[in-house]
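Trainee: I am new to this structure. Please take one part of it and go through that part closely.

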Amino acid sequence: MNHTLTDDKRPTPDPAEDNAFFPSPYSLSQFTSAHSDLSGADYQRPYTGGRWKVLVIGADERYLLTDNGTMFSTGNHPVETLLPMYHLDKAGFGFDIATLSGNPVKFEFWAMPSEDVEVKGLYAKYRDQFKQPLKLAEVLDNALGADSDYIGVFIPGGHGALIGLPESAEVKKLLQWAMANDKFVISLCHGPAALLAAGLGETRDSCLFNGYRICAFPDALDAQTPAIGYMPGHLTWKFGEQLSALGIEILNQDISGAVHQDRKLLTGDSPLAGNSLGKLAATALLQAVAAG
């Protein structure tokens, strides 16, 4: 039986690592695009004050071990990273980029929208920061406080967000600071797994985000992705299940591009939500600045 390239559901070997794989040609044909929806980024009154920035917490590890011993070659999803940043940039906000280790941000470049000049331009604008990010521990020591220039925190999606961030005491401190100082927390897809850090050493009742409602990538869909070769094996744990145990309600059961704002926690369900979350975040931040 002859298969076209995009019929192939076998994960693609990553030659840089033993027993590691990129998504299959078929899954890439279904879940990536050369173009993104960038509508609605014409902000009539962008922020021009020059002070307020968003702290981006990137993934610094590429390889995610699955249940069968294979590794998924992952990182941050470009659309889930760059589309929200695109809107915030257009709205006049700057960025600092940090990782847990201070090592470079890892990207799923196989999902880069290759024909989006604007998105690729934004990546180029921050490329040096992605390659030489701040170390989160140093940001905690030097740049946080009541008078910080950060108006919010952005945790992009991609399966790389499952590695390290949910178990990080530093991410917990960052989220505690954000909540204590009325800052925005923005995330989508697998990024909300980082909210698990807020539950480290806490009970459901004492968790910062108990009672919050979010959009995120559903556990049930993660369980289906190996069947089409998007991942070479199944995840070894379910982040949605663990968020629910902390009192965080995931609103969506599928992926449709849904976004949700609960107080200052802004979330989206998947790459499909990248543009809408960007608009939601940019609008919310502009309103906050205007309100003083």
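Mentor: What follows is a look at one helix and then at the sheet. The model is predicted, so local features need pLDDT of at least 70 and side-chain atom pairs count only at pLDDT 80 or more, while totals for chains, interfaces and linings use all residues. Residues are numbered from 1 along each chain as its sequence is written, and side-chain values use heavy atoms, with hydrogens and water left out.

Helices (H or I, at least four residues) and strands (E, at least two) are DSSP runs, numbered from the N terminus. Helix α2 covers residues 78-90, and its 13 residues should span 18 Å at 1.5 Å a residue (1.5 Å times one less than the number of residues). The end C-alpha atoms of α2 are 17 Å apart, which agrees.

Of those 13 residues, 11 are buried (under 20% relative accessible area, with exposed over 50% and partly exposed in between; 1.4 Å probe, protein chains only). Among them are P78, E80, Y86 and L88. The buried residues of α2 pack against several elements (contact means heavy atoms within 4.5 Å), including β3 (53-57), β6 (94-99) and β8 (150-155). Just after α2, G92 has a positive phi of about 100°.

Now the sheet. Seven strands form an open sheet in the order β7-β6-β3-β8-β9-β13-β12, with mixed pairing (two strands pair if DSSP finds at least two bridges between them). Its edge strands, β7 (134-135) and β12 (259-262), each pair on one side only. β12 pairs with β13 (residues 265-268) in the antiparallel sense over 4 bridges, and V259 stands opposite G268 in β13.
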